[in-house]
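The following report looks at how some helices pack, what makes up the nonpolar cores, and how two arginine residues are placed.

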Amino acid sequence: MPAYRLAYVPLPKAACTTIKHVFSQIDPHFDTKAAALAFEGTELLHHVYRTKRFNANDWQRYATGWHRFCIIRDPLARVLSCYTNRVVAHRDLHKSPRLRTQKPDLPMDPDPDFFFAHIGDYASNASVIRHHVLPVDRFLGIRHAQYDQVYRIEELDACITFLEARAYRKVTREVRNSSTTKLSIDDLSGATKKHLSAFLAQEYRDLAPWYDNPFL
């Protein structure tokens, strides 16, 4: 957001919809951007402020004079949220043409253990799942990029307070696109935990300064 020299890198399932909603309230050009798009609500936010994979060359544009920040989330909590929000609440697997027509071995209403045991297969066959479970480094370049501030999702209020101060404007604080169904590590089988331990190992290494690996 050039108006405030802010460079924010979204991470799916890490309060990105909430922060985009904040941006829509402080961005002096939001109405102009929104008017050019035929979307509403949450969908509009994600088209005005797109979530992209990390590009080192693009990142260099914000190396000087910009406040660069991101929000991270515990990797296990993030994939659990993918299941409760995208699979259960939004029923996104039903919207995948490939799953409907070519993958009878991948049910569209899997229980948590089946989904996580086959998370790689679901990601390969449903782009919305792939988008939400790609490793954090693919979006944030956490091993390569320098940030002025890395907020944990538990520090979301502090992040919003900072944005209000930067823009000299109070915003309506709403947690957007959160899951109503709750799922924890204790709800998973031992085999599922073992599979997720391997699936998330690199992410926990990347985020070791902020989150402990619950599988160790």
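In this predicted model, helices α1 and α3 are roughly perpendicular to each other, because their axes cross at roughly 80 degrees and angles of 65 to 115 degrees are counted in that class. The two helices, which span residues 16-26 for α1 and residues 41-48 for α3, have axes that come within 10 Å. On the side of α1 the contact is made by C16, T17, K20, H21 and S24, while α3 contributes T42, L45 and H46. Sorted by character, the residues of this contact comprise 2 nonpolar, 5 polar and 1 charged.

Turning to the interior, the largest nonpolar core holds 38 residues, and the members that touch the most others within it are L76, F115, F116, I129, L140 and Y147. Two or more residues of this core are given by each of β2 (67-72), α5 (75-89), α7 (112-117), α8 (119-125), α9 (127-133) and α10 (136-140), with the largest share, 6 residues, coming from α5. For I129, once neighbours within four places in sequence are set aside, the contacts are C82, R86, V87, L93, F115, Y122 and A123. Separate from this assembly there is a second core, made of 25 residues, which includes C16, F30, F69 and I160; C16 also takes part in the contact of α1 with α3.

Two arginines can be set side by side, with contacts listed apart from neighbours up to four places away in sequence.

| Residue | Place | Relative accessibility | Contacts |
|---|---|---|---|
| R50 | loop between α3 and α4 (56-60) | 49% | P10 and K20 |
| R68 | strand β2 | 12% | A7, W59, Y62, A63, Q146, Y147, D148 and Q149 |

Is R68 buried or exposed? With a relative accessible area of 12%, R68 is buried, since that value falls under the 20% limit. R50, by contrast, counts as partly exposed at 49% relative accessibility, because the exposed class begins only over 50%. K20, one of the residues that R50 contacts, belongs to the part of α1 that meets α3, and Y147, one of the residues touched by R68, is among the members of the largest nonpolar core that touch the most others. Finally, the C-alpha atoms of R50 and Q102 are separated by 30 Å, the two residues lying 52 residues apart along the chain.

Technical notes
Residues are numbered from 1 along each chain as its sequence is written. This is a predicted model: local features need pLDDT of at least 70, side-chain atom pairs count only at pLDDT 80 or more; totals for chains, interfaces and linings use all residues. Side-chain values use heavy atoms; hydrogens and water are left out. Axes are lines fitted to C-alpha atoms, for helices over the stretch in contact, and angles run from 0 to 180 degrees between N-to-C directions. Helices (H or I, at least four residues) and strands (E, at least two) are DSSP runs, numbered from the N terminus. Contact means heavy atoms within 4.5 Å. Ala, Val, Leu, Ile, Met, Phe, Trp, Tyr, Cys and Pro count as nonpolar, Asp, Glu, Lys and Arg as charged, and the others, Gly among them, as polar. A nonpolar core is a set of buried Ala, Val, Leu, Ile, Met, Phe, Trp, Tyr and Cys residues joined through side-chain atoms within 4.5 Å. Buried means under 20% relative accessible area, exposed over 50%, partly exposed in between (1.4 Å probe, protein chains only).
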